[in-house]
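Hi everyone, thanks for making the time today. I'd like to walk you through one protein chain, from its interior out to a few backbone details.

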Amino acid sequence: MHGIFRGCGKYKTERMNSESIQQANDSAAVNEALANKDFVEGRFAAATRAYAALLDRHPGRLDIIARLGYLDLLANHSDSAVARLSHVLEHGMRTRSILSHLAEAYCRRGDLGHAALCYQQLGRDGLAGTLAAMSGLEVLRIDDAAASACLDLSVAEPLAVIRALVNGIEANLVVDTGAGDCVLDMRFAVSAGVRLGGQEWRDFAGGHRAQVTHAHLQQLDMDTVSIHDLPVQVLDLQPAFGGWFPGRTIDGIIGISVLSLFNCTLDYQTGRLVLQPCVAADPQQGGTPIWLAENRMLLTHVDFPLLREALMFIDTGMTGRMFAVPETLSAALGVEPDRHQALVGTGGAGDVHGRGAYAGRLRLGGKEQSNATGLLLPSLSIETAFGYRIHGLIGHDLLRGSRLRLDFTRMQLGIV
């Protein structure tokens, strides 16, 4: 009897251990599914915490390390992104997306030599060659790290424009958070002695493609701030801006690659662009989280009538409407279409067609807008291109009359 009892006890213990292991596995699977859901729906802070907890349980899982590396890139933590993404590459997880994320992380921290090697493996030889030629330079170097600038907007409508010096030549530059890099008009770049490099075809709004020349800008001066050795893009900007600014030629675009060197405020109330050192961030100042996706795409959450925290691309270079979303998402967002209003906009490489719409209410940070005018697009190329859903774009018209503060130290946005 005692032997049988002991045998049953052993079986019961083994069964309980097996059930405990199965429950633990089930729990881990649920937690991973929740982490994936947070990521796909653009809840990046929650996804980061969930994946970090999963990695504690499974420290050897390269896919989780890669996902955390990408989340580091979104949070603009380039050093940790490089560490994680290079680790998974070295251990055999070699995909185009990981190479692309690693290349961008290297670019953001100024390591153009390693970025060039990644882009070369991705077949982007025009970009790789240009970055390799600049690899010995301290790129995006600011003369005085404590310098600040306050530039008057020479034009505020239909887009914000500042005056700056490009290689000592006066230039009209649009302030555009929708541009990851600085962009110069081809004719102006040649006249200003910008060093042209390799070329490649890139995608623009409306599904258009255009040939871009990668280049090396030696110096950009904005008021008292001087920045040296900038990787820039060069293309023909006149089709995009022709006729928008009567009597004024647009020579280029100031994008996030420069704006993110500072804590900046685009003040539409007083007509100024204020650039302050990142070290000057006020830790007590609240804000809405922002992220930088591929090509330094500026993302944040916006509340629509039927969906809170829709992930949106902040594009101050889009004008004429307060927002743009794909037709397929209009019902989920609570956006009402105007079936009789066809609209044609302008992108970097051609016309963008859509139709009018409005949202009863939009909320971005501290700004709430009733009866916001919008644009319905037949499709949005970035909607699911990165593994999570981007619901659309927020443009200049929603920001008009506001003060937009971008804190790149704490990765937060403020708007009043």
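**Inside the chain**

Let me start with Leu 220. Setting aside anything within four places in sequence, Leu 220 is in contact with Ala 164, Leu 165, Val 166, Leu 173, Val 225, Ser 226, Ile 227, Leu 230, Ile 254 and Val 258. Before going on, please keep in mind that this is a predicted model.

Leu 220 belongs to the largest nonpolar core, which has 66 residues. Together with Met 222, Phe 304 and Phe 323, Leu 220 touches the most other members of that core. Which strand gives the most to this core? That would be strand 8, residues 225–235, with five residues. Apart from this core there is another one, made up of 54 residues, including Ala 35, Leu 85, Leu 89 and Leu 377. As general background, nonpolar side chains in soluble globular proteins tend to be buried together.

Now for the overall picture. The protein chain has 12 helices and 21 strands. Of its 416 residues, 49% are buried. If you take the contacts with a separation of 6 or more, 62% of them come from residues 24 or more positions apart. On the outside, the chain exposes about 18,900 Å², and carbon and sulfur atoms supply 51% of that area.

Back to the core, and to Phe 304. You'll find Phe 304 in the loop between strand 13 (297–302) and strand 14 (310–314). Is Phe 304 buried or exposed? Its relative accessible area is 1%, and buried means under 20%, so Phe 304 counts as buried. Beyond four places in sequence, Phe 304 is in contact with Ala 310, Met 312, Phe 323, Val 325, Leu 333, Val 335, Ala 359, Arg 361 and Leu 362. For a sense of the distances, Phe 304 and Gly 360 are 56 residues apart in sequence, yet 8.2 Å apart in space, C-alpha to C-alpha.

Next, a pair of strands. Thr 265 lies in strand 10, residues 262–267, and Leu 273 is in strand 11, residues 272–277. Both are buried: Thr 265 has a relative accessible area of 13%, while Leu 273 comes in at 1%. Leaving out residues up to four places away, Leu 273 touches Thr 265 and Leu 266, along with Ala 149, Cys 150, Leu 151, Leu 153, Ile 162 and Val 175. With the matching exclusion, Thr 265 is in contact with Arg 272, Leu 273, Val 274, Arg 403, Leu 404 and Arg 405. Arg 405 turns up once more if we go by C-alpha positions: Leu 273 and Arg 405 are 132 residues apart in sequence and 9.9 Å apart in space.

For those of you who like pockets, let's look at the second largest one. How much space lies in the second largest pocket? About 490 Å³. Its lining has 22 residues, and those nearest the centre are Arg 108, Ser 260, Leu 261, Phe 262 and Cys 278. By class, the lining has 12 nonpolar, six polar and four charged residues.

For a contrast with the buried residues, take Arg 49. Arg 49 sits in helix 2, residues 44–57, and it is exposed, with a relative accessible area of 58%. Arg 49 and Leu 68 are 19 residues apart in sequence and 9.4 Å apart in space, again C-alpha to C-alpha.

I'll finish with the backbone. Most residues other than glycine have a negative phi, and most peptide bonds are trans. Where does a cis peptide bond come in? One joins Glu 157 and Pro 158, with omega about 5°. Pro 158 is in the loop between strand 2 (149–152) and strand 3 (161–166).

Then there are two residues with positive phi, neither of them glycine. Asn 295 has a phi near 55°, and so does Glu 309. Asn 295 is in the loop between strand 12 (288–293) and strand 13, whereas Glu 309 is in the loop between strand 13 and strand 14, where we also met Phe 304. Asn 295 is partly exposed, at 43% relative accessibility. Glu 309 is partly exposed too, at 38%.

That's my tour, and I'm happy to go back to any part of it.

Note on methods. Residues are numbered from 1 along each chain as its sequence is written. This is a predicted model: local features need pLDDT of at least 70, side-chain atom pairs count only at pLDDT 80 or more; totals for chains, interfaces and linings use all residues. Side-chain values use heavy atoms; hydrogens and water are left out. A nonpolar core is a set of buried Ala, Val, Leu, Ile, Met, Phe, Trp, Tyr and Cys residues joined through side-chain atoms within 4.5 Å. Buried means under 20% relative accessible area, exposed over 50%, partly exposed in between (1.4 Å probe, protein chains only). Helices (H or I, at least four residues) and strands (E, at least two) are DSSP runs, numbered from the N terminus. Contact means heavy atoms within 4.5 Å. On a 1 Å grid over the protein atoms alone, a cavity is a set of points where a 1.4 Å probe fits but cannot get out, and a pocket is an open set with protein on both sides within 12 Å along at least five of seven lines; lining residues have an atom within 4 Å of a point. Grid points are joined across faces, edges and corners, and a volume is the space filled by probe spheres set on the points. Ala, Val, Leu, Ile, Met, Phe, Trp, Tyr, Cys and Pro count as nonpolar, Asp, Glu, Lys and Arg as charged, and the others, Gly among them, as polar. Accessible areas come from the Shrake-Rupley method with a 1.4 Å probe; for residues, only the protein chains shown count as cover.
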